[in-house]
Amino acid sequence: MSKPSLHYMVTMPDGTVPPTAGFTTSYETVNLTEHVGQVVDHPTPCKHKWYDESSFSYFRTYTQRGVGEVLERSSEWAVQWPVRLWIVEPLGETGNWGGRHYPYWVLTHRLRVVEETDISRAFGPRGDKVLSLIQQQLPELAGQWASEWAADPEGTRARYDAWLTGSVQPKHAQWWVDAKARSARREAAISQARELACTTAEQAAAAVLDDQDAVSHIRRRAWYLAAAEMFNDLLRRYDFQREVLAILRGSGLDTNAPALAGV
């Protein structure tokens with residue numbers, strides 16, 4: 001007997017499935033919390049498979065290889081974090097918009113709701129560490145970075161300026177992150193991590209530091225640190241990649257650390 005083909009879906013915090021595309025105030029949906037272990041038929045299946053983009057026309061599921069993209073359309077749904085992640089089994093006829101464009105999509109009108117799972121899976125194999133960094137560590141870290149800046153504005157700015165203008169710049173390091181995100185199918189994951197990290201750091205830093213430019217630098221540092229955590233296992237193969245990781249982690253930015261002189 002073959003194993004079921006397990007996929008992932010994201011829902012709103014109350015367990016309801018978001019609309020297919022665009023935000024609408026009125027559409028018939030399904031609440032997955034009410035159907036765990038059950039088969040669910042789509043309430044308003046599209047007639048023109050699978051290109052009907054009316055308010056709610058199919059279930060959009062993601063393969064295990066593409067779970068890092070499960071958050072890719074959340075901005076269209078006007079869904080606010082936190083969201084919930086579910087393991088489901090598509091049943092019957094399935095399709096997508098063409099495998100070349102969205103190979104990780106599996107669209108269906110019927111599925112089995114297997115179970116809810118940890119949202120950290122959407123951030124890749126290191127997802128639990130990424131969320132721990134953002135939710136538990138970054139508020140304190142960003143507060144410390146802001147306190148250092150307030151205590152020594154000139155010295156701290158000099159370190160950040162050196163970090164931003166070194167031979168391997170954070171922007172160059174970000175290119176490596178973006179490339180790894182595409183190859184690992186985690187572009188939506190890194191986008192969500194960036195938003196969460198930046199917002200968390202900005203709030204913590206602004207509570208300590210009345211300098212918007214400095215707060216902006218701390219936001220950027222938090223985003224790169226989250227990226228380093230997410231792709232730590234994919235950026236350690238070569239010396240240059242390890243150098244990229246050091247830049248993402250903010251090497252040389254802490255108090256008493258030497259400035260990054262052309263690193």
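This is a conversation about how several labels in a predicted model follow from their values.

Student: What is the overall make-up of the protein chain?

Tutor: Happy to start there! The protein chain has 7 helices and 7 strands, and along the sequence they follow the pattern β-β-β-α-β-β-β-β-α-α-α-α-α-α. The C-alpha trace spans about 65 × 40 × 30 Å along its principal axes. Of the 263 residues, 49% count as buried. Among contacts with a separation of 6 or more, 72% come from residues 24 or more positions apart.

Student: Why are helices α4 and α5 called oblique to each other?

Tutor: Let's set the angle against the classes. Helix α4 (residues 170-183) and helix α5 (residues 187-206) pack at about 135°, with their axes 7 Å apart. Roughly perpendicular covers 65 to 115 degrees and roughly antiparallel needs over 145. The angle of about 135° fits neither class, so the helices are oblique to each other.

Student: Which residues make that contact?

Tutor: From α4 come Q174, V177, A181 and R182, and from α5 come E187, I190 and R194. Sorted by class, the contact has 3 nonpolar, 1 polar and 3 charged residues.

Student: What makes R110 and D41 a salt bridge?

Tutor: The cut-off is a side-chain nitrogen of Lys or Arg within 4 Å of a carboxyl oxygen of Asp or Glu. The closest N and O atoms of R110 and D41 are 2.5 Å apart, so the pair meets that rule. R110 lies in strand β7 (residues 110-117) and D41 in strand β2 (residues 39-41), so the bridge ties together parts 69 residues apart in sequence.

Student: How do you know whether R110 and D41 are buried or exposed?

Tutor: Buried means under 20% relative accessible area and exposed means over 50%, with partly exposed in between. R110 has 38%, so R110 is partly exposed. D41 has 44%, so D41 is partly exposed as well.

Student: Which salt bridge does R221 form, and why does R221 count as buried or exposed?

Tutor: R221 meets D254 at 2.8 Å, N to O. R221 lies in helix α6 and D254 in the segment after α7 (239-248), so this pair ties together parts 33 residues apart in sequence. With a relative accessibility of 3%, R221 counts as buried, whereas D254, at 35%, counts as partly exposed.

Student: How does R219 meet E202?

Tutor: Their side chains form a salt bridge, 3.0 Å from N to O. R219 belongs to helix α6 (residues 212-230) and E202 to helix α5, with their positions 17 residues apart in sequence. The accessibility of R219 is 28%, so R219 counts as partly exposed; E202, at 30%, is partly exposed too.

Student: How many salt bridges are there by this rule?

Tutor: The count comes to 10.

Student: Why is the pair of Y160 and W163 called edge-to-face?

Tutor: Two values settle this one. Rings pair if their centres lie within 6.5 Å, and planes over 60 degrees apart count as edge-to-face. The centres of Y160 and W163 are 5.9 Å apart and the planes stand at 85°, so the pair is edge-to-face. The two residues are 3 apart in helix α3 (residues 153-165), and are therefore separated by about one helical turn. Both Y160 and W163 are buried.

Student: What aromatic pair do W97 and Y102 form?

Tutor: Their pair is edge-to-face too, with 5.6 Å centre to centre and 90° between the planes. W97 has a relative accessibility of 21%, so W97 counts as partly exposed. Y102 is partly exposed at 24%. Both residues belong to one aromatic cluster with Y62, Y104 and W105, and the structure holds 15 aromatic pairs.

Student: What makes Q241 count as buried or exposed?

Tutor: Q241 has 4% relative accessibility, so Q241 counts as buried. Q241 lies in helix α7. Leaving aside neighbours within four places in sequence, Q241 is in contact with W176, K180, L234, L235 and R236.

Technical notes
Residues are numbered from 1 along each chain as its sequence is written. This is a predicted model: local features need pLDDT of at least 70, side-chain atom pairs count only at pLDDT 80 or more; totals for chains, interfaces and linings use all residues. Side-chain values use heavy atoms; hydrogens and water are left out. Axes are lines fitted to C-alpha atoms, for helices over the stretch in contact, and angles run from 0 to 180 degrees between N-to-C directions. Helices (H or I, at least four residues) and strands (E, at least two) are DSSP runs, numbered from the N terminus. Angles under 35 degrees count as roughly parallel, over 145 as roughly antiparallel, 65 to 115 as roughly perpendicular and the rest as oblique. Contact means heavy atoms within 4.5 Å. Ala, Val, Leu, Ile, Met, Phe, Trp, Tyr, Cys and Pro count as nonpolar, Asp, Glu, Lys and Arg as charged, and the others, Gly among them, as polar. Buried means under 20% relative accessible area, exposed over 50%, partly exposed in between (1.4 Å probe, protein chains only). Rings of Phe, Tyr and Trp (its six-membered ring) pair if their centres lie within 6.5 Å; planes under 30 degrees apart count as stacked, over 60 as edge-to-face and the rest as tilted.
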